[in-house]
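Hi,

Here is the structure I said I'd pass on. Have a look at it first, and then read on for what turned up.

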Amino acid sequence: MPRYANWLSNGMRARGHEVEIWQPKARFFNLPAPQSLKKWLGYIDQYIVFPFVVKKNIKKQPVNTLYAFTDHALGPWVPYFTKLKHIIHCHDFLAQRSAMGSIPQNKTGFGGRIYQKFIRSGYIQGENFISISKKTQEDLHFFLGNKKPKFSTVVYNGLNQDFSVQDAALCRHAISQLINKDVSEGYFLHVGGNQWYKNREGVIKIYNSLSLDKNYGKLPLVMIGPKPNQNLINERNASIFKDSIFLMSDAPDDLVKKAYSGATAFIFPSLAEGFGWPIAEAMASGSFVVTTNEAPMNEVAGNAALLIDVCPVDATQHNAWANKAAIDIISVLNNPEQKLSYIQLGAENAKRFDSEKTLDKIEALYNQIIEAN
């Protein structure tokens with residue numbers, strides 16, 4: 001969210017708008033105190049001190065100021081702006097859905113449910129919303145209940161970096177040097193965080209099945225993301241192909257771009273997303289993309305990716321699911337024309353997510369709200 005806020009604010013400044021970013025400052029949090037109290041001191045900064053700062057700052061702003069919330073999770077502060085011109089950006093409602101028990105893979109504790117209810121009590125008082133996908137918009141309207149927003153539209157994310165097709169051989173050479181293994185023949189790739197919905201363990205399950213193939217079984221799996229959690233480490237260690245699974249933490253952006261362009265296939269079997277940035281990034285980089293036939297992944301991918309079933313909740317069905325996904329992937333890899341078609345369609349599809357066009361649309365919507373009575 002900080003990256004999104006910076007991208008949005010820089011984009012609006014470049015278009016001639018004055019922008020201020022308001023956020024809680026660590027005051028009580030920085031006081032000498034046991035680590036066990038830090039969270040609560042942070043809550044004081046956010047929910048007791050910051051509202052006074054907000055009220056004070058509002059009085060200093062011109063009448064035509066638009067207040068943009070960069071995420072609906074900022075809902076607790078929405079009530080201070082309901083009578084002012086405002087708009088709320090919505091990314092995903094996974095935490096909200098988990099709190100109501102609709103996502104069995106991610107159960108939420110009592111405290112989490114109360115907190116998500118607190119967030120919802122705030123954003124439902126908003127009037128104007130921008131969602132990053134149709135799926136997110138559908139979830140928004142569900143949680144708004146009987147309340148109909150004055151303004152609700154979908155604006156797809158724009159790629160906030162330049163992604164382009166690079167020379168595959170050179171890219172593979174760079175990856176080879178990094179993991180100290182020759183990947184000149186290619187590799188399977190995944191890019192994503194440790195959130196439950198990324199299904200990184202599922203990536204390894206699919207790779208285990210792919211590794212049994214006579215043609216593609218020697219290709220390694222490269223997984224790029226933050227430091228792996230214990231679940232992912234356990235999944236890797238349990239694989240008989242663990243020596244060919246490389247977990248890369250905190251890779252620089254330029255290396256991620258090379259990884260996309262050098263991959264034999266980019267595997268992104270998420271259970272859910274708000275948007276699915278890596279899908280668009282991989283397509284813009286010339287990857288053959290494999291993702292889940294579930295919204296919003298299939299919404300972002302369109303007809304430019306191989307769409308596989310979503311991983312079932314029942315763990316006893318995971319191996320069968322992975323086997324089927326591997327068969328589908330190998331079928332495309334064995335058909336160069338079909339793979340090329342996916343890549344070409346992907347490059348065209350990625351043009352939908354142009355950063356400047358996205359900012360143009362958001363600016364037009366901002367002006368529309370400012371000019372409304």
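Let's start with Gln-137, which sits in helix α5. One thing to keep in mind throughout is that this is a predicted model. Is Gln-137 buried or exposed? Its relative accessibility is 17%, so Gln-137 counts as buried, the cut-off for buried being under 20%. If you skip the neighbours within four places in sequence, Gln-137 is in contact with Ser-131, Ser-152, Thr-153 and Val-154.

Next, the salt bridges. As a bit of background, side chains of opposite charge can pair when their charged atoms come close. How many salt bridges does a search of the whole structure find? The search comes back with 11, and a few of them are worth clicking through.

One of them is between the side chains of Glu-127 and Lys-147, at 3.8 Å from N to O. This pair links distant parts of the chain, 20 residues apart: Glu-127 is in the loop between α4 (110-123) and β3 (128-131), and Lys-147 is in the loop between α5 (134-144) and β4 (151-154). Glu-127 is partly exposed, with a relative accessible area of 22%, and Lys-147 is partly exposed too, at 28%.

Then look at Glu-273 and Lys-198, another salt bridge, where the closest N and O atoms are 2.9 Å apart. Glu-273 belongs to the loop between β8 (265-268) and α10 (277-284), while Lys-198 belongs to the loop between β5 (188-191) and α7 (200-210), so this pair ties together parts that are 75 residues apart in sequence. Here both partners are buried: Glu-273 has a relative accessible area of 7%, and Lys-198 has 9%. Hold on to Lys-198, as that residue comes up again below.

A third salt bridge joins Asp-328 to Lys-324, with 3.4 Å between the closest N and O atoms. Why are these two about one helical turn apart? Because they are four residues apart in helix α12 (residues 318-333). Asp-328 is partly exposed, with a relative accessible area of 24%, and Lys-324 is also partly exposed, at 43%. Elsewhere, Arg-15, Glu-356, Asp-360 and Glu-363 are joined into one network by salt bridges that share partners.

Now for the pockets. The largest pocket holds about 1300 Å³ of space. It is lined by 35 residues, and those closest to its centre are Val-19, Glu-20, Ile-21, Trp-22 and Ala-68. Which elements each supply at least two residues of that lining? They are α1 (2-14), α2 (35-58), β1 (67-69) and α14 (355-371), with α1 giving the most, six residues. By class, the lining of the largest pocket has 22 nonpolar, 10 polar and three charged residues.

The second largest pocket has about 1000 Å³ of space. Of the 34 residues lining this second pocket, the closest to its centre are Arg-3, Lys-198, Trp-277, Pro-278 and Glu-281, so to speak of Lys-198 again, this is the residue that is paired with Glu-273 in a salt bridge and is buried. Two or more residues of the lining come from each of α1, β6 (221-225), α9 (253-262) and α10, and the largest share, four residues, is from α9. The lining of the second largest pocket divides into 15 nonpolar, 11 polar and eight charged residues.

Happy browsing!

Terms used: Residues numbered from 1 in each chain as written. Predicted model: local features only at pLDDT ≥ 70, side-chain atom pairs only at ≥ 80, totals over all residues. Heavy atoms only, no water. Salt bridge = Lys/Arg side-chain N within 4 Å of Asp/Glu carboxyl O. Buried < 20%, exposed > 50% of the residue type's maximum accessible area, 1.4 Å probe, protein only. Contact = heavy atoms within 4.5 Å. 1 Å grid on protein atoms, 1.4 Å probe; cavity = no way out; pocket = protein on both sides within 12 Å on 5 of 7 lines; lining within 4 Å. Points joined across faces, edges and corners; volume = space filled by probe spheres on them. Nonpolar A, V, L, I, M, F, W, Y, C, P; charged D, E, K, R; others polar.
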